[in-house]
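Student: Hey, I've just opened this one and have no idea where to begin. Can you walk me through it?
Tutor: Sure, let's look at it together.

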Amino acid sequence: MYAAASGFDLGLGIFLLPAWLVAAVAVGLQPGRRTAGRMRRMSRIALVLSAVALLLTAARLVAYGLLARHGWVLVGDRRLFTTFVMLLPGVIATVVWTVPWLASAARVPLPDRDAPVPLEEQARARSPRHVVPPRLAAFGGLGCCAQMFLPPDRSFWISLGAYGLLTAAVAGLLVWRAGVRLQRLSTGREIPRRRALAVRLGTAVVVLGTVVGLVNYGIADSRLPHTFSMMKGEADWGGGPAGQHHDMAGGHHMASGTGGADEVSVDTLRGPRSGTPDRRFSLTAQAKKVKLASGRTVDAWTYNGQVPGPRLRVTEGDLVEIELRNELPGKTPVTIHWHGVDVPNGEDGVAGATQDAVLPGKSFTYRFRVQESGTRWYHSHQAASEQVDRGLFGALIIEPKKQTRPVDKDVSVLAHDWQTDKGTVPAIGALDELERRRAEPGEKVRIRLTNTSGHTREFAVDGVPYKVTALDGTDVHKPTALKGKKLVLGGGNRMDVEFTMPDGPVRVTDGSAPDAGIVYSPDGKGELKADLSGPAFDPYSYGSPKRTELGPDSDFDRDYKLVFDEWLGFYDGSFGMKQTINGRVFPDTPMLMIKEGDVARVTFVNRGTEDHPMHLHGHHMLVLGKNGKRASGSPMWQDTVLVRPGEEIQVAFKADNPGIWMDHCHNFWHSKLGMVMHLAYDNVTTPYEIGGPVGNKPE
């Protein structure tokens, strides 16, 4: 419903401007008709065009009502101001002054249709109260058309004042110009042609110079510093008491009266430095040309020369050691982030926050003990919008100490978009064509679906009833059988699907690549058509409720509200669609400040037009509900929460893992455009910086 209302609103926003422009032109032409008949005909045309524009305006107000049903915050920003402050003054003035005049002029009796229009009648028609309102409404239509490209409001009164002053200035200019023209008509004096040309040329030069100046200023002002601290953002204490370490400027905390004696560096928040690892791995970042199943070629960056990287399998409780070596070309640094694993902060693998990225020829060793189980994955967190796209990712499977659901086949399905010599190709791992595999009837099969790309993907499992047994690696309580559902995964999300192999074929399909996928059958030659037409799977009502430590009625120490928007502008010297959090882009986004032991609630609101899979490092979030309705199924513990346009989603988590943790959109291109923030514990500091000698890029 939101998508339909938003699309309706967008369409109206586009058509309002030309509708009011055409109406304004018609009203402006009406006084210039030389005969009474032509003036009456133009009055009727202008009246019809004004009526159409008024109907579109009324429809837009209806669209706002539909959007407001999903939450007032979805209309209470640029839509509110551009419509009610910029558009409606002109619309109301048109209804009060222009329309009655046009209606009167359209009905005037004409004894002689070819009689010239008296000068006083032309002067009356050119009155500012008749010609200015539709022009002012056209200006408001321009604001409505451009509203999605304007900065989100940061303050109600600032936005109201800014839009109000702009509208008043335009109204004053239009009234002045109309008055000047009326005076010329009354006196019969015209501005000399050369003077008029000079005025227009000078105006064009001033406007062009202003635009160029603003562009140059925007480019220069938007550039990020060569080096800066990840702690640069504005502290948000979530409505709770501020801690003693609250001055984040310059990347360090300022302790009040303690001299900072209790500060902890992320360098000390590491895994065990001693002890023999239960599992040891070595991952080497390398450049390699990789062929997909179809023969298409990828200029890939790989771990150990393969894409996806090696599947790492460990057991809950293991002490794990992974050595990362970098053999990438040039000066390309790299890291590894353990997505969905609540590692100690110093092992999190975020360049510029928890470590310096590893330069070519260097190495870095991660050591941590896994205290959880389930489907995870790993990927670079250095310039991830490029490095993950090119192949620096792989599956990480953590087996439980006690296996409660043993299976015969355990399959990792990592869906990805590859940039090949023949364009972008979606695939499952390196499979961009349909693959057939053998599975015996009665075998237990687990499919670990993982979305490694930024955009939302839809999967289907056809040919058998199945259960969704885990979300982001956390078990679903008492799952029930499903069939014919679309399984929706945001960027970074995982979903475990289990079924018992039937006598016939079973197909697993990624909707982004409907002609590819995996078909299981007893003889390995099965045929089955993919069906992606079913309704979407609803995880909020799936499974059975279960008592949890946190819940909607918990006492929250911190309560954060994060509103996602988008608008055109400059970011780090480039022009594009910036992705904002509470009206700001990184590093000016809010930094969520917290103390160890606090219980926090976060409300995500997406009033943009794109999906945002929000990933909090180092913690699992309990999803409380969506759009004001509480989750009613199995508890949903997730590390990445998909927030779609028009949705308001509430989550809760406990601050039980000290550190400085990234919290960002897992569409890495959105991260690159500013949708990055941090969860920072009150007493934790970092010695690392963005940029610097190794060129840390944490997105």
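**Charges, overall build and a few odd spots**

Tutor: Let's begin with charge: the chain has 81 positive and 73 negative charges, and their mean positions are 10 Å apart. Keep in mind that this is a predicted model.

Student: OK, and which residues gather in a patch of positive charge on the surface?
Tutor: That patch is made of Arg 38, Arg 41, Arg 44 and Arg 113.

Student: Where is Arg 113 found?
Tutor: Look in the loop between α3, which covers 78–107, and α4, which covers 119–125.

Student: And why does Arg 113 count as partly exposed?
Tutor: Because its relative accessibility is 42%, and partly exposed is the range between under 20% for buried and over 50% for exposed.

Student: Let's zoom out. How many helices and strands does the chain have?
Tutor: There are nine helices and 36 strands. The C-alpha atoms fill a box of roughly 105 × 70 × 55 Å along the principal axes.

Student: How much of the chain is buried?
Tutor: Of the 699 residues, 52% are buried. As for the outside, the accessible surface comes to about 30,200 Å², and carbon and sulfur atoms hold 56% of that.

Student: What about contacts along the chain?
Tutor: Take the contacts with a separation of 6 or more: 78% of them are between residues 24 or more positions apart.

Student: New topic. Which residues does a cis peptide bond join?
Tutor: One such bond joins Val 307 and Pro 308, with omega at about -15 degrees. Pro 308 sits in the loop between β5 (297–303) and β6 (309–315). Another cis bond runs from Phe 586 to Pro 587, where omega is near 10 degrees.

Student: And where does Pro 587 lie?
Tutor: In the loop between β24 (574–581) and β25 (590–594).

Student: What's phi like at Asp 572?
Tutor: Phi of Asp 572 is near 50 degrees, a positive value in a residue that isn't glycine. You'll find Asp 572 in the loop between β23 (558–571) and β24. Asp 572 counts as partly exposed because its relative accessibility is 36%.

Student: Then what about phi of Asn 627?
Tutor: For Asn 627, phi is near 50 degrees, again positive in a residue other than glycine. Asn 627 belongs to the loop between β28 (621–626) and β29 (629–630).

Student: Why does Asn 627 count as partly exposed?
Tutor: Its relative accessibility is 39%, so Asn 627 counts as partly exposed.

Methods. Residues are numbered from 1 along each chain as its sequence is written. This is a predicted model: local features need pLDDT of at least 70, side-chain atom pairs count only at pLDDT 80 or more; totals for chains, interfaces and linings use all residues. Side-chain values use heavy atoms; hydrogens and water are left out. Patches are made of residues with over 30% relative accessible area and no salt bridge: like charges are joined within 9 Å, nonpolar side chains (Val, Leu, Ile, Met, Phe, Trp, Tyr) within 5 Å. Accessible areas come from the Shrake-Rupley method with a 1.4 Å probe; for residues, only the protein chains shown count as cover. A salt bridge is a side-chain nitrogen of Lys or Arg within 4 Å of a carboxyl oxygen of Asp or Glu. Lys and Arg count as positive and Asp and Glu as negative; His and the chain ends are not counted. The place of a charge is taken as NZ of Lys, CZ of Arg, CG of Asp or CD of Glu. Helices (H or I, at least four residues) and strands (E, at least two) are DSSP runs, numbered from the N terminus. Buried means under 20% relative accessible area, exposed over 50%, partly exposed in between (1.4 Å probe, protein chains only). Contact means heavy atoms within 4.5 Å.
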